[in-house]
Amino acid sequence: MRAMVLSQTALLSDEPEPLHCMELDTPQPAENELLIRVAACGVCHTELDEIEGRLTPSRLPIVLGHEVVGRVAERGSQVTRFDIGDRVGVGWIHHSSGTPAENLSPQFAATGCDVNGGYAEFMTVPETYAVAIPDRFSDAQAAPLMCAGAIGYRALRLTGLRDGEPLGLMGFGGSGHLVLQTAKHLFPNSPVYVFTREESVQRFACKLSADWAGGIDATPPQPLNAIIDTTPAWKPVVESLKKLHPGGRLVINAIRKEDADKEELLKLSYHEHLWMEREIKSVANLTHADIAEFLPLAAAIPILPEVTLFRLEQANAALRNLRRGQIKGANVLVVA
C-alpha cells in the first residue's frame with residue numbers, strides 16, 4: 001500500500017519534505033479490529049508537532065494522520081459492530097481503557113502517533129474505536145470532524161458556557177471554524193467573537209456568523225465569559241486572560257505550544273490576567289464518546305466544514321500550507 005511516512009523529526013523550515021511516499025505491507029486486522037480502506041484524512045496541527053519533535057511519536061518510522069474516513073475492507077474474527085463496506089471514521093483516540101476518563105488514561109494510544117494512521121491507503125483500528133459516519137457528509141467533509149470538530153466540541157463543553165454568555169475563539173483554523181458553528185447551535189443567544197491575525201480569515205469568520213472578528217490583541221465589544229484558544233502560540237494565552245470577565249475561563253485546546261514567542265509569558269500580570277477568579281483549563285485528548293456524541297449533532301445542525309483538498313502524495317504541501325496559517329477551514333488528503 002502507499003503511505004506517507006515520517007522517519008525522523010526536524011523543523012519544517014529545515015526539512016520542507018518531512019514525509020516520504022513509500023510502499024508498505026497492508027496491515028492485517030487482529031480478531032477485534034477492522035481493516036479500513038482510507039478514503040480521506042484531515043491534516044491537523046498536531047502533525048506539525050510530531051514532525052518538529054514537540055510531540056515525539058512513540059516510534060519511528062510512523063504513518064501520521066488521525067482524522068480518518070474510509071470503508072471497512074476486512075473484519076477480524078470477533079468483530080460484530082460493522083460489515084464489509086460500512087463507512088467509518090477514526091479520530092485521535094485509537095484505543096484506551098474504555099472508561100469515562102480514557103482520554104487521561106496511561107493506556108491511551110493516539111492514531112498516527114502511537115500506531116500508524118491515515119496518511120496511507122489502509123489502516124487498522126479496534127472496532128470499539130471506530131464510529132459510523134452520517135450520510136450527510138462527504139468523505140472529505142467528515143474527516144475534519146473526527147478531531148478538529150470533536151475536540152472542539154469537548155473544549156466547548158469544558159468552558160461551562162451558558163446560553164447568552166459571550167464566547168471568544170482565539171485562532172480560527174480547522175477547529176475554530178467548526179466550534180463557531182457548534183456554539184451558534186448550542187448557545188443561540190451567545191455572541192461569538194473571533195480573534196485571528198489574518199484579515200481575510202477575520203472576514204471568513206464573519207461570513208460563518210461570528211458576531212465580531214479582530215486581531216489577537218484587539219478589544220472585543222464586551223468582556224467574555226469563556227475563550228477557547230486553538231493556537232500554537234503563547235501570546236494568545238496572555239491576551240485571552242486579559243479579555244475574560246471576572247470568573248471567566250480560558251480553555252486551551254492544543255496538544256503542544258511552540259516556544260517561538262514564549263517570552264510573552266513574562267507579560268503575565270497576576271492582577272490584570274489572573275485575579276478575580278479567572279481560570280485556565282486544558283483539553284487533553286478526547287474520548288470515543290466525544291466523537292460518538294458530536295457526529296450526529298454535526299449532521300443535525302448541519303456543520304459543513306470548509307475544506308481544501310490535496311492528493312495523498314501532496315501531504316508535505318498540505319503541511320506547509322498549514323504552517324503558513326492562512327487556510328480557511330481545513331486541509332484534507334484524498335486517498336482513495
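**Salt bridges, cis bonds and a buried helix**

Student: Asp 290 meets which side chain in a salt bridge?
Tutor: Look for a charged nitrogen beside a carboxyl oxygen. A salt bridge puts a side-chain nitrogen of Lys or Arg within 4 Å of a carboxyl oxygen of Asp or Glu. Here the N to O distance is 2.4 Å, and the partner of Asp 290 is Arg 157.

Student: How many residues apart are Asp 290 and Arg 157?
Tutor: Place each residue on its helix. Helices (H or I, at least four residues) and strands (E, at least two) are DSSP runs, numbered from the N terminus. Asp 290 is in helix H7, while Arg 157 is in helix H2 (residues 139-158). The pair links distant parts of the chain, and the separation is 133 residues.

Student: What pLDDT do side-chain atom pairs need?
Tutor: Residues are numbered from 1 along each chain as its sequence is written, and side-chain values use heavy atoms, leaving out hydrogens and water. This is a predicted model: totals for chains, interfaces and linings use all residues, local features need pLDDT of at least 70, and side-chain atom pairs count only at pLDDT 80 or more.

Student: Is Asp 290 buried or exposed?
Tutor: Use relative accessible area: under 20% is buried, over 50% is exposed, and in between is partly exposed (1.4 Å probe, protein chains only). Its partner Arg 157 has 40%, so Arg 157 is partly exposed. Asp 290 has 2%, so Asp 290 counts as buried.

Student: Which residue pairs with Lys 235 in a salt bridge?
Tutor: Lys 235 sits in helix H5 (residues 235-243) and is partly exposed at 29%. The closest contact, N to O, is 3.9 Å, and the partner is Asp 217.

Student: Where is Asp 217?
Tutor: Asp 217 and Lys 235 are 18 residues apart and link distant parts of the chain. Asp 217 lies in the loop between strand S13 (212-214) and strand S14 (224-229).

Student: How far apart are the closest N and O atoms of Asp 83 and Arg 75?
Tutor: Asp 83 is partly exposed at 46%. Arg 75 is partly exposed too, at 32%. Their salt bridge has its closest N and O atoms apart by 3.5 Å.

Student: How many salt bridges does the structure hold?
Tutor: Some residues join into a network: Asp 49, Glu 52, Arg 54, Glu 258 and Arg 323 are linked by salt bridges. For the structure, the count is 20.

Student: What is the phi of Met 276?
Tutor: Most residues other than glycine have a negative phi. Met 276 lies in the loop between helix H6 (270-274) and strand S16 (279-282). Met 276 is partly exposed, at 38%. Although Met 276 is not a glycine, its phi is positive, about 65 degrees.

Student: Is Glu 277 buried or exposed?
Tutor: Glu 277 is also in the loop between H6 and S16. Its phi is positive, about 60 degrees, although Glu 277 is not a glycine. With 70% relative accessibility, Glu 277 counts as exposed.

Student: Which residue does a cis peptide bond join to Ile 301?
Tutor: Most peptide bonds are trans. The bond after Ile 301 is cis, with omega about -15 degrees. The loop in question runs between helix H7 (288-300) and strand S17 (307-311). The residue joined to Ile 301 is Pro 302.

Student: How many of the eleven residues of helix H3 are buried?
Tutor: Among the buried residues of H3 are Gly 176, His 177 and Leu 178. Helix H3 (residues 176-186) is largely enclosed by the rest of the structure, because the number of its buried residues is eight.
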